[in-house]
Amino acid sequence: IGVKIGSDCYIGSNVNITHSIIGDNNIIHQGASIGQDGFGFSMSPEKHEKIPQVGRVIIENNIEIGSNCSIDRGSLQDTIIKNGTKIDNLVHIAHNTIMEPHVAIAAQVGFTGSTFIGKHVMIGGQAGVDAAKIGTHAIITAKAGVTKNVDDYQMVSGFPAWDHKKELKKEAFLRKKFV
């Protein structure tokens, strides 16, 4: 439903694509799901009402998407992944997320809806990002839990994620004190 795919794309077996525009020279590995509804519900004391998801997924050019990734369509606006981004296996990108060009994401990373990722960001495996704005050239280390915005060129780690040097000092103190 509503899919356009550009030229010179490789799409692996068991890939599901709906409500998406995919540019040129992209690689989508086995088992990826692109364009399905996100987790959009209005909560009330009686029940959870599904919010219609009417956006799309826009995947620009020269992007690689690993196996078994899940990229939700936007709820009211589009989910957008811009040129040159590389996404490892088992990554979840929720509705309305926008990724600027040349982002690199390791395996098992998850993004909640309406997250913004700046240009040339690197994100380590098993990190989680909760509706934050991540600045240009920022680095999020493996297993970090990002709950606040990250500045341009900042490196963060830990949970909740904060300046990486502070996290290293905290860990050194705790290990010296308690180990």
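1. Some vocabulary to start: a residue is buried when its relative accessible area is under 20%, exposed when that figure is over 50%, and partly exposed in between, using a 1.4 Å probe and protein chains only. By that yardstick K50 is partly exposed, with a relative accessible area of 45%. Keep in mind that this is a predicted model, where local features need pLDDT of at least 70 and side-chain atom pairs count only at pLDDT 80 or more, while totals for chains, interfaces and linings use all residues. Residues are numbered from 1 along each chain as its sequence is written, and side-chain values use heavy atoms, with hydrogens and water left out.

2. On to the salt bridges (a side-chain nitrogen of Lys or Arg within 4 Å of a carboxyl oxygen of Asp or Glu). The structure has 8 of them. One joins the side chains of D37 and K50, at 3.4 Å from N to O. D37 sits in the loop between β6 (33-36) and β7 (41-43) and K50 in strand β8 (residues 48-50), so this bridge ties together parts 13 residues apart in sequence. Helices (H or I, at least four residues) and strands (E, at least two) are DSSP runs, numbered from the N terminus.

3. D37 has a second partner: R73, with the closest N and O atoms 3.5 Å apart. Here the link is between distant parts of the chain, since R73 is in the loop between β11 (70-72) and β12 (79-81) and D37 in the loop between β6 and β7, 36 residues apart. D37 is partly exposed at 35% relative accessible area, whereas R73 counts as buried at 9%.

4. Helix α1 has its own charged group: E167, K170, E171 and R175 are linked in a network of salt bridges. Within it, the side chains of E167 and K170 meet at 3.3 Å, N to O. These two are 3 residues apart in helix α1, which means about one helical turn separates them. E167 is buried at 9% relative accessibility, but K170 is partly exposed at 32%.

5. E167 also turns up beside S157. Contact here means heavy atoms within 4.5 Å. Leaving aside neighbours within four places in sequence, S157 touches T141, A144, W162, H164 and E167. S157 belongs to strand β24 (residues 155-157) and is buried, at 5% relative accessibility.

6. Have a look at the nonpolar core, meaning a set of buried Ala, Val, Leu, Ile, Met, Phe, Trp, Tyr and Cys residues joined through side-chain atoms within 4.5 Å. The largest one has 34 residues, and I65, I105, F111, I123, I134, I140 and V146 touch the most other members. Not counting residues up to four places away in sequence, I65 touches I27, I28, H29, A32, I34, I59, I71 and I87.

7. Finally, the aromatics. Rings of Phe, Tyr and Trp (its six-membered ring) pair if their centres lie within 6.5 Å; planes under 30 degrees apart count as stacked, over 60 as edge-to-face and the rest as tilted. There is 1 such pair in the structure. The ring centres of F39 and F41 are 5.1 Å apart and the planes lie at 65°, so this pair is edge-to-face. F39 is exposed at 67% relative accessibility, while F41 is partly exposed at 31%.
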